[in-house]
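I opened my notebook to go through this structure one residue at a time. Here is what I looked up, in the order I did it.

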Amino acid sequence: MTPEPSSASRALEAAQAALAAEHAAAYGYGVIGARAAARSAEAREAYGGHLSRRDALARTVRELGGSPRPAEAAYALPFEVRTPADAERLAAEIEDRVAGAYSDLVRAADGKLRREAADALSAAAVRAARWRGVGVAFPGLTERGERARTS
């Protein structure tokens with residue numbers, strides 16, 4: 001029987017996953033910013049927020065005893081982004097994925113880190129709702145249910 005991972009190792013693993021989500025979000029917003037002409041200011045603001053959270057997570061990973069995962073050179077987008085509507089759809093999807101990563105961090109962490117993860121989850125859910133034009137009942141959990149149904 002495999003031993004249960006410690007709460008510290010679960011928090012580190014979830015922080016690394018959230019960091020990876022922030023790296024991907026920053027990359028995605030580079031694409032979004034080039035296509036979301038009417039909402040370019042909103043895209044720039046979200047991009048800056050993701051960079052800030054990325055930097056904070058890198059510090060958190062170090063504080064938890066890990067080595068922050070570096071960003072990939074490029075990320076595969078879930079679909080081709082040609083129009084402003086495509087860019088908005090991509091932004092909503094990115095925010096859903098970020099919310100999912102922070103949802104895991106909320107479950108794995110405690111104290112200050114849990115509060116920070118909950119704040120990041122909430123911010124991602126708000127951004128997703130703005131991009132999509134509608135919110136979801138349980139941000140960070142919706143995409144997990146969709147993956148389970150398609151698996």
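**Entry 1: a histidine to start with**

I began with His23 and asked for its relative accessibility, which came out at 12%, so His23 counts as buried. The cut-off for buried is under 20%. I then checked which element holds His23, and found helix H1. Next I listed what His23 touches, skipping neighbours within four places in sequence. The list reads Arg54, Arg69, Pro70, Ala71 and Tyr75.

**Entry 2: how far to trust it**

I should have noted this straight away: the model is predicted. The protein chain averages a pLDDT of 89, and 85% of the residues score at least 70. Where does pLDDT stay under 50? I found that stretch at residues 147-151. The model has zero contacts beyond four places in sequence for residues 147-151, and I left them alone after that.

**Entry 3: the overall layout**

I counted elements next. The protein chain has five helices and zero strands. Read from the N terminus on, that gives α-α-α-α-α. I also looked up how much of the protein chain is buried, and the figure is 36% of the 151 residues. Then I took the contacts with a separation of 6 or more and asked how far apart the partners are in sequence. For 75% of those contacts, the residues are 24 or more positions apart.

**Entry 4: the nonpolar core**

I wanted to see the core after that. Nonpolar side chains tend to be buried together in soluble globular proteins. Here, the largest nonpolar core has 35 residues, and the ones that touch the most other members are Tyr29, Ile32, Tyr102 and Leu105. Which elements give two or more residues to this core? They are helix H1 (7-35), helix H2 (40-63), helix H3 (84-108) and helix H4 (111-132). H3 gives the most, with eleven residues.

I picked Tyr29 for a better look. Leaving aside neighbours within four places in sequence, I got a list of contacts for Tyr29: Ala43, Ala46, Tyr47, His50, Ala91, Ile94, Glu95 and Trp131.

**Entry 5: two stops on H4**

I went to Ala124 in helix H4. Is Ala124 buried or exposed? Its relative accessibility is 0%, so Ala124 counts as buried. Beyond four places in sequence, Ala124 is in contact with Glu95, Val98 and Ala99. I also took a C-alpha to C-alpha distance from Ala124 to Ala92: they are 32 residues apart in sequence and 8.9 Å apart in space.

Arg127 is in helix H4 too. I had a charged residue in front of me, so I looked up its accessibility, and at 18% Arg127 counts as buried. Its contacts, with neighbours within four places in sequence left aside, are Ala46, His50 and Glu95. I recognised those names, since Ala46, His50 and Glu95 are among the contacts of Tyr29.

**Entry 6: Arg35 and Val106**

Arg35 lies in helix H1. Its relative accessibility is 36%, so Arg35 counts as partly exposed. Not counting residues up to four places away in sequence, Arg35 touches Val81, Arg82, Thr83, Pro84 and Ala87. I then checked the C-alpha atoms of Arg35 and Pro84. They are separated by 5.2 Å, with their positions 49 residues apart along the chain.

Val106 is in helix H3. I went through what Val106 touches, not counting residues up to four places away in sequence, and wrote down Arg114, Ala117 and Ala118. For Val106 and Asp119, which are 13 residues apart in sequence, the C-alpha to C-alpha distance is 9.5 Å.

**Entry 7: a pocket**

Last, I looked for empty space. Rolling a probe the size of a water molecule over the atoms shows where such space is left. I chose the second largest pocket, with a volume of about 190 Å³. Which residues line the second largest pocket? I listed Ala11, Ala56, Arg59, Thr60, Glu63, Leu64, Ala109, Asp110, Lys112, Leu113 and Glu116.

I sorted that lining by element. H2 and H4 each supply at least two residues, and H2 has the largest share, with four residues. Then I sorted the lining by type: five nonpolar, one polar and five charged.

Key: Residues are numbered from 1 along each chain as its sequence is written. This is a predicted model: local features need pLDDT of at least 70, side-chain atom pairs count only at pLDDT 80 or more; totals for chains, interfaces and linings use all residues. Side-chain values use heavy atoms; hydrogens and water are left out. pLDDT is the predictor's confidence in each residue, from 0 to 100. Contact means heavy atoms within 4.5 Å. A nonpolar core is a set of buried Ala, Val, Leu, Ile, Met, Phe, Trp, Tyr and Cys residues joined through side-chain atoms within 4.5 Å. Buried means under 20% relative accessible area, exposed over 50%, partly exposed in between (1.4 Å probe, protein chains only). On a 1 Å grid over the protein atoms alone, a cavity is a set of points where a 1.4 Å probe fits but cannot get out, and a pocket is an open set with protein on both sides within 12 Å along at least five of seven lines; lining residues have an atom within 4 Å of a point. Grid points are joined across faces, edges and corners, and a volume is the space filled by probe spheres set on the points.
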